[in-house]
Amino acid sequence: MLDIALLPGDYAVCRLAAGTTLPYALSSGLRNTDVVTVSWTSDGISVICPTDRAPAQAVVETVWRCLRVTAPVGMAAIGSLAALVDPLAEARVSVVTFSTFDTDYLLVPAVRLTEGTAALQRAGHRVTG
């Protein structure tokens with residue numbers, strides 16, 4: 001069982017062209033609950049952020065809600081992400097995931113949040129927020 005917190009607000013999944021400079025506003029003045037992640041590849045830049053921080057020049061897919069595993073997962077943990085993604089897949093809820101050094105995050109479409117959290121709870125996870 002994992003404890004999962006629903007973060008406040010809506011999130012966007014964004015794509016910027018390779019070589020684009022990230023806007024300063026993406027990282028300035030973050031609220032304590034905000035999460036921003038950036039991935040660079042030769043094909044482009046992917047950004048996950050609160051919708052009010054989505055770069056104006058980005059291709060944006062919204063509206064997502066962000067769930068955070070509250071306890072540190074650790075790099076040696078095996079199967080924790082699968083334990084979250086599998087119940088969502090079984091419930092036919094789309095998911096975008098990313099991990100930090102300490103924990104895992106999941107984004108589910110806002111319109112499927114109720115179904116997604118119910119699927120996680122049926123799998124034995126505790127969802128708060």
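**View 1. Arg92 is an exposed residue, with a relative accessibility of 69%.** This close-up comes from a predicted model. Arg92 counts as exposed because its 69% lies over the 50% cut-off. The residue sits in the loop between α1 and β6. Look at its backbone too. Arg92 is not a glycine, yet it has a positive phi of about 60°.

**View 2. Helices α1 and α2 cross at roughly 125°.** Two packed helices are described by the angle between their axes and the distance between those axes. Here, helix α1 covers residues 80-90 and helix α2 covers residues 113-122. Their axes come within 9 Å. The crossing angle makes α1 oblique to α2. The crossing of α1 and α2 is right-handed. Which residues of α1 and α2 meet? From α1 come Leu84, Pro87 and Leu88. From α2 come Gly116, Ala119 and Leu120. The residues of this contact divide into 5 nonpolar and 1 polar, with no charged residue.

**View 3. Strand β7 is largely enclosed by the rest of the structure.** The strand runs over residues 104-109. How many of its 6 residues are buried? The count is 6 of the 6, so β7 is largely enclosed. Both faces of β7 are covered. On one side lie Asp104, Leu106 and Val108, which are buried. On the other side lie Tyr105, Leu107 and Pro109, also buried.

**View 4. β7 pairs with β6 and with β5.** Start with strand β6, residues 96-99. β6 and β7 pair in the antiparallel sense over 4 bridges. Within this pairing, Thr97 stands opposite Leu106 of β7. The two strands form a hairpin, with 4 residues between them. Now turn to β5. β5 and β7 are antiparallel as well, and 5 bridges pair them. Leu107 of β7 is the bridge partner of Cys66.

**View 5. Cys66 is a buried residue of strand β5.** Is Cys66 buried or exposed? Cys66 is buried, because its relative accessibility is 0%, under the 20% cut-off. What does Cys66 touch, beyond residues up to four places away in sequence? One group of contacts is Ala5, Leu6, Leu7 and Tyr11, among others. Cys66 also touches Tyr105, Leu106 and Leu107. Of these, Leu107 is its bridge partner in β7. Leu120 gives a distance to compare along the chain and through space. The residues Cys66 and Leu120 are 54 residues apart along the chain, and their C-alpha atoms are separated by 14 Å.

**View 6. A cis peptide bond joins Thr62 and Val63.** The omega angle of this bond is about 0°. Val63 lies in strand β5. Cys66 has its place in β5 as well.

**View 7. β2 pairs with β4 and with β5.** β2 spans residues 11-16. It runs antiparallel to β4, and 6 bridges join the two strands. In this pair, Leu16 stands opposite Ile45 of β4. β2 and β5 also pair in the antiparallel sense, over 4 bridges. Here, Val13 stands opposite Glu61 of β5.

**View 8. Gly9 sits in the loop between β1 and β2.** β1 spans residues 3-6. How accessible is Gly9? Gly9 counts as partly exposed because its relative accessibility is 37%, which falls between the 20% and 50% cut-offs. Leaving out residues up to four places away in sequence, Gly9 touches Trp64 and Arg65. Gly9 and Val127 are 118 residues apart along the chain. Their C-alpha atoms are separated by 16 Å.

**View 9. Arg53 is a buried residue in a loop.** This loop lies between β4, residues 44-50, and β5, residues 59-69. Why does Arg53 count as buried? Its relative accessible area is 14%, so Arg53 falls under the 20% cut-off. Which residues is Arg53 in contact with, leaving aside its neighbours within four places in sequence? They are Ala25, Leu26, Ser28, Gly29, Leu30, Arg31 and Asp34.

Conventions:
Residues are numbered from 1 along each chain as its sequence is written. This is a predicted model: local features need pLDDT of at least 70, side-chain atom pairs count only at pLDDT 80 or more; totals for chains, interfaces and linings use all residues. Side-chain values use heavy atoms; hydrogens and water are left out. Buried means under 20% relative accessible area, exposed over 50%, partly exposed in between (1.4 Å probe, protein chains only). Contact means heavy atoms within 4.5 Å. Two strands pair if DSSP finds at least two bridges between them. Axes are lines fitted to C-alpha atoms, for helices over the stretch in contact, and angles run from 0 to 180 degrees between N-to-C directions. Angles under 35 degrees count as roughly parallel, over 145 as roughly antiparallel, 65 to 115 as roughly perpendicular and the rest as oblique. A crossing is left-handed if the near helix is turned anticlockwise from the far one by less than a right angle, and right-handed if clockwise. Ala, Val, Leu, Ile, Met, Phe, Trp, Tyr, Cys and Pro count as nonpolar, Asp, Glu, Lys and Arg as charged, and the others, Gly among them, as polar.
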